[in-house]
Amino acid sequence: MRMAQLSVAITRVESMLLTLIRRYSKPYMSYILAVLVFQLASTIAALYLPSLNAQIIDQGVARGDTDFIWQTGAVMLLVAFVQVAAAIAGVYFGSRTAMAVGRDLRRAVFGKVTSFSAKDVNAFGAPTLITRGTNDVQQVQMLLLMGLNFMVATPIMCVGGIIMALREDLNLSWLVWVSVPLLAVVVGYLVVRLMPLFRTMQRKIDRINAVLREQIIGIRVVRAFVREPYETERFGGANKELTDVSLRIGALFVLMFPAISMILHLSTAAVLWFGGQRVDAGAMQVGSLTAFLQYLLQILMAVMMGTFMAMMIPRASVCADRIGEVLDVEPSIHDPLSPEAPASLAGVVEYRDVTFAYPGAESPVLSNISFTARPGQTIAIIGSTGAGKTSLLSLLPRLYDPVAGQVLLDGVPVDRLDRAEITRRVALVPQRPYLFSGTIEHNLRFGKTEATDQELWDALRVAQGESFVREKKNGLDARISQGGTNVSGGQRQRLCIARALVTKPRVYLFDDSFSALDVATDARLRAALKETTKDATVIIVAQRISTITEADQILVLDNGRIVDRGSHEELLETSPTYQEIVESQLSVEEVA
Ligand code: CTP
Ligand code: MG
């Protein structure tokens, strides 16, 4: 079974880890070459030292030849200096390479994830994407670092050490043949035991990440429902699982060092015992014995380092697989190869018999949606919660693609347009207003970095956000925390509206963007918007009837279908669904 595990591990290594390392270390070939040269120099120097030492003892000390001791001592000093200098240089270039590859990998993962559509992100889940871009990359980077530092040194040290040891004394050679395989078997056994644990460990880290993330984001809800004990327990569970795996790994590691040092010390004792007898019998010189011992220790060190590295391979290869999974994803929504340019920049939106289902869902959430919205018009969409209003809007900026039918912008299907082209024309104010950490100014410039301060203030004025921004001590420079949690829900909504206004789009999509505003602010905002958006196409999703009474056309959405359409007055006459909604909100007379 152990062999099977080993071979599985090796084939896995061959798949992703090698591919990633090969692909991402290519730009640093000159560095890697430097590592090779310096390590070669350092290893040869290290192998030369014990034999020089032996010469000093056998030819210098034993015969009392002080000149020889001085001369050989000077050579030793020089060789030692070369060894240290080369080792430092090797580590320097090795580290640079490993860190650079790590950086490039992280960048690649990040770049890939930003190209993901909403569907692709959901397929993985945010926590594991974060672990893959950070911890997993770090594991590969660590392996590369170790690999570069020991890659050349280990085999040369092994083979060279054996040759040099045998040159010192052939009769003691059996010690090498016993101790080296013994060490390899012991360390190898522990490594094989460790492999599956490392795989589990990466999964547990994912889990911790997921629980922690959910709790931090949902902290208000946790507090509001006094769920701290439950959440603490949930985190405790995940934490304990990670601890357990780490402990089992630790237990094996704890065995590793005593086992290794026992083999090292037993070997030393054996060399001294059997070597001492040979020295006694006059068959071997003391210097040779010392050199032999040093070579044996060097060999065992090399074997140990080699196995340590081998131990990192399984974990890194698990990580490489996980990174590869992310990098291999073809984003499900991408720009067309040869995008079309629409003839006009008018902002005509047309939905043509559109049907849409969420990936993996059985039934569509939108069926046979058809309507046209022209510049200067306001189209309102109303319907009960879950009717599909947000889904409908998300098809225009291509957050999702419809499964049948077409969404057209200025007469061109949106999947034949460059997405940058679409976002230049279409501004979406999402239902869940989201702001980025930074300043108010930085958030407002999100869609148009070159906007002037005047444009920002104009947009704020229309969005009814001017006064509260002016009240802030730093005005436009006031800080916004991640997600915009340090402003109120209504303020966040107004900032998101202002952000859309700054881009001066041809098409506005407001997804329930006035829900957090009080009735008076809502009315003022709509009056100001009317002026600003009078030449643009406006599609409004709203809950409050009062928000949409003046719309040119109202689409009544129910269960993903447009059940009625018309102006407010027409619908009051003809649409039972609309009447129901109106009645539930206000008395009919008041609205009419
Ligand atoms: N839905 C889904 N997967 C998503 C989002 C929504 O399966 N990622 C489903 C929901 O279960 C819902 C339907 O799609 O039944 C329509 O959702 P949505 O368009 O968001 O409904 P809205 O009309 O926008 O509802 P609300 O008024 O609550 O915003
Ligand atoms: Mg919605």
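A salt bridge, as the word is used here, is a side-chain nitrogen of Lys or Arg within 4 Å of a carboxyl oxygen of Asp or Glu. With that in hand, here's a first number for this structure, which is a predicted model: it holds 29 salt bridges. We'll meet a few of them along the way, but let's start with the overall layout.

The chain splits into two domains, with domain 1 running over 2–327 and domain 2 over 349–591. Their centres, taken over C-alpha atoms, are separated by 56 Å. So how many residues of each domain are in contact with the other? On the domain 1 side there are 5, and they meet 4 residues of domain 2.

The size of an interface is often given as the accessible area lost when the parts come together. Here the area buried between domain 1 and domain 2 comes to about 320 Å², with carbon and sulfur atoms giving 53% of that. On the domain 1 side, A118, K119 and R220 supply 78% of the area buried against domain 2, which is more than any other three residues manage. As for specific links between the domains, the count of salt bridges is 0, and the number of residue pairs in polar contact across the interface (both at pLDDT 80 or more) is also 0. Which helix gives the most to the side of domain 1 that touches domain 2? That would be α4, covering residues 118–124, with 3 residues. Sorted by class, this side of domain 1 has 1 nonpolar, 2 polar and 2 charged residues.

Now let's step away from the interface and look at some individual residues. S25 sits in helix α1, which spans residues 2–25. Is S25 buried or exposed? It counts as buried, because its relative accessibility is 5% and the cut-off for buried is under 20%. The side chain of S25 reaches back to the backbone oxygen of I21, at 2.5 Å. If you set aside neighbours within four places in sequence, S25 is in contact with I32 and V101.

Further along, T154 is found in helix α6, residues 153–168. T154 is buried too, with a relative accessible area of 13%. Beyond residues up to four places away in sequence, T154 touches A302, M305 and G306. There's also a nice example of folding back here: T154 and Q39 are 115 residues apart in sequence, yet 9.7 Å apart in space, C-alpha to C-alpha.

Over in domain 2, which covers 349–591, R425 is worth a longer stop. R425 belongs to helix α12, residues 419–425, and it is buried, with a relative accessible area of 4%. Leaving out neighbours within four places in sequence, R425 is in contact with P342, S344, L345, L409, D410, P505, R506 and V507. With one of these, D410, the R425 side chain forms a salt bridge at 2.8 Å, N to O. What does this pair tie together? R425 is in helix α12 and D410 is in the loop between β4 (404–409) and β5 (412–413), so the salt bridge links parts that are 15 residues apart in sequence. D410 is buried as well, with a relative accessible area of 11%. The story doesn't stop at two residues: salt bridges that share partners join D410, E421, R424 and R425 into one network.

For contrast, have a look at E350 and R352. These two form a salt bridge whose closest N and O atoms are 3.1 Å apart. E350 counts as partly exposed at 23% relative accessibility, and R352 is likewise partly exposed at 39%.

The last stop is helix α14, residues 453–462. Its buried residues are E455, L456, W457, A459, L460 and V462. What covers them? The cover includes the helices α13 (440–444), α15 (466–471), α16 (489–502) and α17 (519–532). Among those buried residues, E455 has a relative accessibility of 18%, and its side chain meets that of K448 in a salt bridge at 2.8 Å, N to O. Just after α14, Q464 takes a positive phi of about 60 degrees.

Note on methods. Residues numbered from 1 in each chain as written. Chains lettered and ligands numbered in written order. Predicted model: local features only at pLDDT ≥ 70, side-chain atom pairs only at ≥ 80, totals over all residues. Heavy atoms only, no water. Domains from an automatic or database assignment. Contact = heavy atoms within 4.5 Å. Buried area = accessible area lost by both parts, 1.4 Å probe. Polar contact = N/O pair within 3.5 Å; in protein donor to acceptor, adjacent residues only side chain to side chain. Helix = DSSP H or I, 4+ residues; strand = E, 2+ residues; numbered from the N terminus. Nonpolar A, V, L, I, M, F, W, Y, C, P; charged D, E, K, R; others polar. Buried < 20%, exposed > 50% of the residue type's maximum accessible area, 1.4 Å probe, protein only.
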